[in-house]
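Me: I should like a close look at the enclosed spaces inside this model. Please explain each term as you use it.

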Amino acid sequence: MDALVVGAGPTGLLMAAELTRHGLEVRVIDRNEHGATESRALAIHARTVELLDDLGLAGTFVQRGLRAGGVSIWSSSGERLAHVKFDGIGGPFPFVLDLPQSETEALLERHLEQLGVTVQRRTELVAFEQDSGFVRATLRSPAGEEAVEVPWAIGCDGSHSSIRHGLGIGFEGATVELDWGIADVALQWPLAGDEMHMFLLEDGLLATFPMPEGRWRLIAEIGPSGAGEPPSTPDLDFFAAYLRRTGHAEATVADPHWLAAFRVNERQASHVRDRRAFIAGDAAHVHSPAGGQGMNTGLQDAYNLAWKLALVERGHAPAALLDTYETERWPVAQRVVKQTSALFRMALIGAPAARRLRDAALRHVAALAPVQRRLLQSISERDVNYRDSPIVAEYRRPHDAPRAGDLAPDADPQVRDALRGTEYVLLTFGDEPVATLIAKEYRGLVRAAAVPSAREAFGGAALCLVRPDGYVGFIAGEVDEAALRGYLDRVLIAHDQA
């Protein structure tokens, strides 16, 4: 066994599946008897659908989910302050896919089982220690306690992560002392059933999200938290009253599948790695549900770490590659926590003068095309880049070409097809013999693909080496074999060197 994954939520399931796809033997455990039965995390953003496409799963997810095409923000007077259509996201999946977390977990677990890995449920991590070569863990299941020794351990076990606690990693931040209600219901009302709607009311906030099969997710502000008291779960009448305050007295809610209450935590782990142990997803960062980015960020944590860990464990990359998991993903999580906090607080502005100013800004600024483009790229996480990473480089990059560390342009179907898989892909836009030579020397690690139709999309670059996670690792304006080899020598270990 090469890796122990603790936690079988979406992040843990994808982590285990990706490690397996990249050639490692994985064991995944979860303390619960079964996966999620509630809808929980709902939104799957464009960049996440793209990574699911790399796994061959996007078609199934899209078929099962609901494609939300936009979002409207309404004032307390019933005025639509802003309307943003998601077709401006770009890429092959310009929408937000709404799918209950229970469905997401079921699809990921089925994918994992097809790879030959079964989640071991009712099994928890009791204790662990590590040295320079192994993590030694004690697991507990109904069969008793078991000692295991494994090269790597990854905590995908949520905000109360046993891995994070065991490592003594801080989880800095705070709880917002405001209670919220959440409901999954059948809703009848006149508004668009394929868009999200947010109501900025004078006496509270209501957000509504369409779900498959004509159902809706409702999130509504309850009020300040009681001292030392857990939040009380609201009933259906609470949400019906909120809907009436939006000006839609004819709206009806029924058949609740889930009613719950929660408080928002805004926290981030001070580190995401300690030697041979890592944390990802909610174990590393939690934040407001504004923007629906929590699960998406966790899934992309897994997508970033898995290929690096597999290369190092298989002896095809230097150990320093693993340092870049924190270098690349920690700032992304920090940005998500800050942005969702800002969105959350903007929506909760209570003072009348400040509300009027906010509404005016939404009315005018949010209608500007550049603002909408930036917002869509941020929420979809397609604007995430790793330009400051030590494992990206450029050589005489043309001005209009993507930067090293950017998401590789994928509008060309040939490029999308070429980038599927587990290897680095050396894209060329003409006849470049060096690409064939490199692919031969780094067989199984680098694959060459000629895509002359995409030259313009890559700004006139001569070649572009794309990482297994779809980001530009190396880009050059002219073919220089020495520069390319210098980069490869830093990030990979060829077979004859391993």
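Reply: The following account treats the cavities, and then one residue of a helix that lines one of them.

This is a predicted model, in which local features need pLDDT of at least 70 and side-chain atom pairs count only at pLDDT 80 or more, while totals for chains, interfaces and linings use all residues. Residues are numbered from 1 along each chain as its sequence is written, and side-chain values use heavy atoms, with hydrogens and water left out.

Rolling a probe the size of a water molecule over the atoms shows where empty space is left. A cavity is a set of points, on a 1 Å grid over the protein atoms alone, where a 1.4 Å probe fits but cannot get out; its lining residues have an atom within 4 Å of a point. Grid points are joined across faces, edges and corners, and a volume is the space filled by probe spheres set on the points.

The structure holds 3 cavities of 30 Å³ or more. The largest encloses about 240 Å³. Its lining is made of 17 residues, and R47, E50, D54, D410 and L419 lie nearest its centre. Two elements, α2 (46-54) and α11 (413-419), each give two or more residues to this lining; helices here are DSSP runs (H or I, at least four residues), numbered from the N terminus. The most comes from α2, with 5 residues. By class, the lining has 8 nonpolar, 1 polar and 8 charged residues, where Ala, Val, Leu, Ile, Met, Phe, Trp, Tyr, Cys and Pro count as nonpolar, Asp, Glu, Lys and Arg as charged, and the others, Gly among them, as polar.

The second largest cavity has a volume of about 40 Å³. Its lining consists of R47, Q300, Y303, N304, R329, Y386, D469 and Y471. These residues divide into 3 nonpolar, 2 polar and 3 charged. Helix α7 (residues 294-313) gives the most to this lining, with 3 residues.

Helix α7 also holds D301. D301 is buried (under 20% relative accessible area, with a 1.4 Å probe and protein chains only), because its relative accessible area is 2%. The side chains of D301 and H285 are joined by a polar contact of 2.7 Å, that is, a pair of N or O atoms within 3.5 Å, of which, within protein, one must be able to donate a hydrogen and the other to accept it, and residues adjacent in sequence count only if both atoms are side-chain atoms. Beyond its neighbours within four places in sequence, D301 is in contact with A280, G281, H285, Y325 and R329, contact meaning heavy atoms within 4.5 Å.

Technical notes
1 Å grid on protein atoms, 1.4 Å probe; cavity = no way out; pocket = protein on both sides within 12 Å on 5 of 7 lines; lining within 4 Å. Buried < 20%, exposed > 50% of the residue type's maximum accessible area, 1.4 Å probe, protein only.
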